[in-house]
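Biologist: Could you take me closely through the aromatic ring pairs in this model, and then show me how the rest of the picture fits around them? Please give me the cut-offs as you go.

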Amino acid sequence: MKLPESGVSPASVLDALERLRSHDARWRDGRTFSLVYYGGDELLTLLHDAYGKFFSENALNPMAFPSLRRMETDVLSMVAHLLGDGEAVGSMTTGGTESILLAVKTARDFAAATRGVTAPEMILPETVHPAFHKAAHYFGVRARVIPVGPDFRADVPAMAAAITENTVLLVGSAPSFPQGVVDPISEIAALASDRGLLCHVDACLGGMLLPFVRKLGRPLPPFDLSVPGVTSISCDLHKYGYCAKGASTVLYKTRALRRHQFVVYTDWSGGLYGSPSMAGTRAGGPIAAAWAAMHYLGEQGYLEMARRTLETTDALVAGIDAMPGCHVQGRPDMSVFGFTTEDADVYRVGDEMDARGWHLDRLQRPPALHMMITAAHAGLAPRILEDLAAAVEAARALGPATSGAAAMYGMMGSLPDRTMVREFVLDFMDGLDR
Ligand SMILES: Cc1ncc(COP(=O)(O)O)c(C=O)c1O
């Protein structure tokens with residue numbers, strides 16, 4: 001497509017946009033299990049309005065927009081208080097990936113400055129989000145990946161055994177995406193502090209839910225900045241914070257550590273340049289929307305959403321475990337879990353669920369399906385379970401998939417040569433704009 005010769009009216013542009021979205025996933029009625037966190041229409045309208053008010057403002061220059069600086073400071077402080085250390089400092093970022101990238105860059109630069117490490121390594125349980133591998137790739141930090149235990153939690157003795165003089169960072173998740181379990185953060189952090197290393201907790205997924213899970217009286221292992229030895233934590237607002245997309249936080253125990261996150265260039269003819277995060281221009285909308293959502297919901301609002309989310313999760317976990325041949329993996333700590341099916345091709349079950357309008361993510365190694373439950377799924381457990389039982393039965397009758405998406409996914413997961421799989425994914429991405 002080329003730029004149109006002349007423009008058209010706003011109304012016809014908006015019409016065209018509506019037509020374009022007609023085949024998009026139906027997140028409003030709880031049909032998706034990741035990607036969108038919907039907290040109801042009143043909150044959505046507030047997010048739109050707050051975002052719109054600060055649509056043009058740019059947080060790159062906090063002197064020009066003291067409003068954004070105030071809001072960012074407030075948001076960070078609210079998250080810091082929720083995550084065990086009201087004195088922690090940090091930055092707002094565009095998402096979990098950026099928060100993780102910054103935490104890894106900070107660890108690399110801290111180790112270079114304080115210990116002269118030139119070939120940095122970090123130790124990652126295999127379940128950590130791929131953003132850590134992206135960071136490894138971008139920043140030249142070697143990722144040492146450690147298999148998790150049978151309970152899908154980080155194997156701390158194996159992490160200890162992988163420490164070398166080049167190690168700069170140990171990582172744990174709260175919780176991990178695939179099975180939704182919280183790693184043994186106290187043990188990982190104690191190990192890090194014994195060896196004089198930094199410890200990052202990836203609470204992108206759980207940071208805005210786990211504090212309320214605990215307030216609801218559920219048992220939870222310690223996971224936040226109150227744990228001795230934890231030096232940084234990432235927490236997304238655009239997930240269980242129910243904020244507008246483009247909002248996450250990364251927090252550090254000390255200002256001295258955060259300084260290694262910043263980038264300053266003093267010799268540019270354009271002037272002195274200091275940037276806290278990966279982005280140059282920083283959109284004001286997500287900051288204002290996050291500030292608005294957190295004030296609108298407050299503790300009670302988040303607590304109520306957490307209660308609904310956990311109720312639905314409990315019903316689904318119990319219902320799946322009660323289905324013959326179906327098992328939830330491990331013991332999920334909040335609202336995210338994987339499950340497998342015996343004697344039915346689990347990816348075929350996924351396709352059958354797609355056909356019934358429920359779009360579940362696929363896990364691999366081992367093959368499984370994934371559910372990420374939010375407040376938007378409240379009340380849907382009976383319908384989901386009914387359709388899942390039918391999907392499992394249909395998949396059983398069909399037998400192992402030999403063609404189509406399920407077969408392809410099964411084959412990709414089991415191929416020992418990961419280079420081929422990588423090429424396949426690259427080809428897929430490359431072909432998307434055709
Ligand atoms: C545990 C965990 N960390 C990090 C991320 C990355 O977040 P984002 O997609 O906002 O970059 C995710 C996303 O699902 C996640 O589940």
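Modeller: Happy to! The count comes to ten aromatic pairs, where rings of Phe, Tyr and Trp (its six-membered ring) pair if their centres lie within 6.5 Å, and planes under 30 degrees apart count as stacked, over 60 as edge-to-face and the rest as tilted. One of these is Y240 with Y242: the ring centres are 6.3 Å apart and the planes stand at 85 degrees, so this pair is edge-to-face. Before going further, please note that this is a predicted model, in which local features need pLDDT of at least 70 and side-chain atom pairs count only at pLDDT 80 or more, while totals for chains, interfaces and linings use all residues. Residues are numbered from 1 along each chain as its sequence is written, and side-chain values use heavy atoms, with hydrogens and water left out.

Back to the two tyrosines. Y240 is buried, with a relative accessibility of 1%, and Y242 is buried as well, at 2%; here buried means under 20% relative accessible area, exposed over 50%, and partly exposed in between (1.4 Å probe, protein chains only). A second edge-to-face pair joins W268 and Y273, with 5.9 Å from centre to centre and 85 degrees between the planes. The setting of this pair is another matter: W268 is partly exposed at 47% relative accessible area, and Y273 is partly exposed at 29%. Returning to the buried tyrosines, Y240 and Y242 belong to a cluster with Y37, linked through ring pairs.

From the rings we can move to the ligand. Its surroundings consist of 13 residues, and the closest are G96, T97, D202, H238 and K239; a residue is near the ligand if one of its heavy atoms lies within 4 Å of it. By class, this shell holds five nonpolar residues, five polar and three charged. In that scheme Ala, Val, Leu, Ile, Met, Phe, Trp, Tyr, Cys and Pro count as nonpolar, Asp, Glu, Lys and Arg as charged, and the others, Gly among them, as polar.

Which element gives the most to the shell around the ligand? That is helix α4 (residues 96–115), with three residues; helices (H or I, at least four residues) and strands (E, at least two) are DSSP runs, numbered from the N terminus. A polar backbone atom of G96 lies 3.0 Å from an oxygen atom of the ligand. D202 places a polar side-chain atom 2.7 Å from a ligand nitrogen, and D236 has a side-chain N or O atom 3.5 Å from a ligand oxygen. As for cover, the ligand taken alone exposes 390 Å², of which the protein buries 83%; these areas come from the Shrake-Rupley method with a 1.4 Å probe, and for residues only the protein chains shown count as cover.

Helix α4 also brings us to the charged pairs. K105 is found in this helix, and the side chain of K105 meets that of D109 in a salt bridge at 2.5 Å, N to O. A salt bridge is a side-chain nitrogen of Lys or Arg within 4 Å of a carboxyl oxygen of Asp or Glu, and the structure holds 22 of them. K105 and D109 are four residues apart in helix α4, which means about one helical turn separates them. K105 itself is buried, at 9% relative accessible area.

A salt bridge with a longer reach in sequence terms joins the side chains of R396 and D343, at 2.3 Å from N to O. This pair links distant parts of the chain, 53 residues apart: R396 sits in helix α12 (residues 381–398), and D343 in the loop between β11 (336–341) and α11 (346–355). R396 is partly exposed at 32%, whereas D343 is exposed at 62%. Elsewhere, salt bridges with shared partners join K105, R108 and D109 into one network.

One last charged pair is R21 with E18, whose side chains meet in a salt bridge of 3.3 Å, N to O. R21 is partly exposed at 46% relative accessibility, and E18 is partly exposed at 47%.

To finish with a sense of scale, A192 in helix α7 (residues 185–194) is buried at 0%. The C-alpha atoms of A192 and G350 are 40 Å apart, with these positions 158 residues apart along the chain.

Definitions and conventions: Polar contact = N/O pair within 3.5 Å; in protein donor to acceptor, adjacent residues only side chain to side chain.
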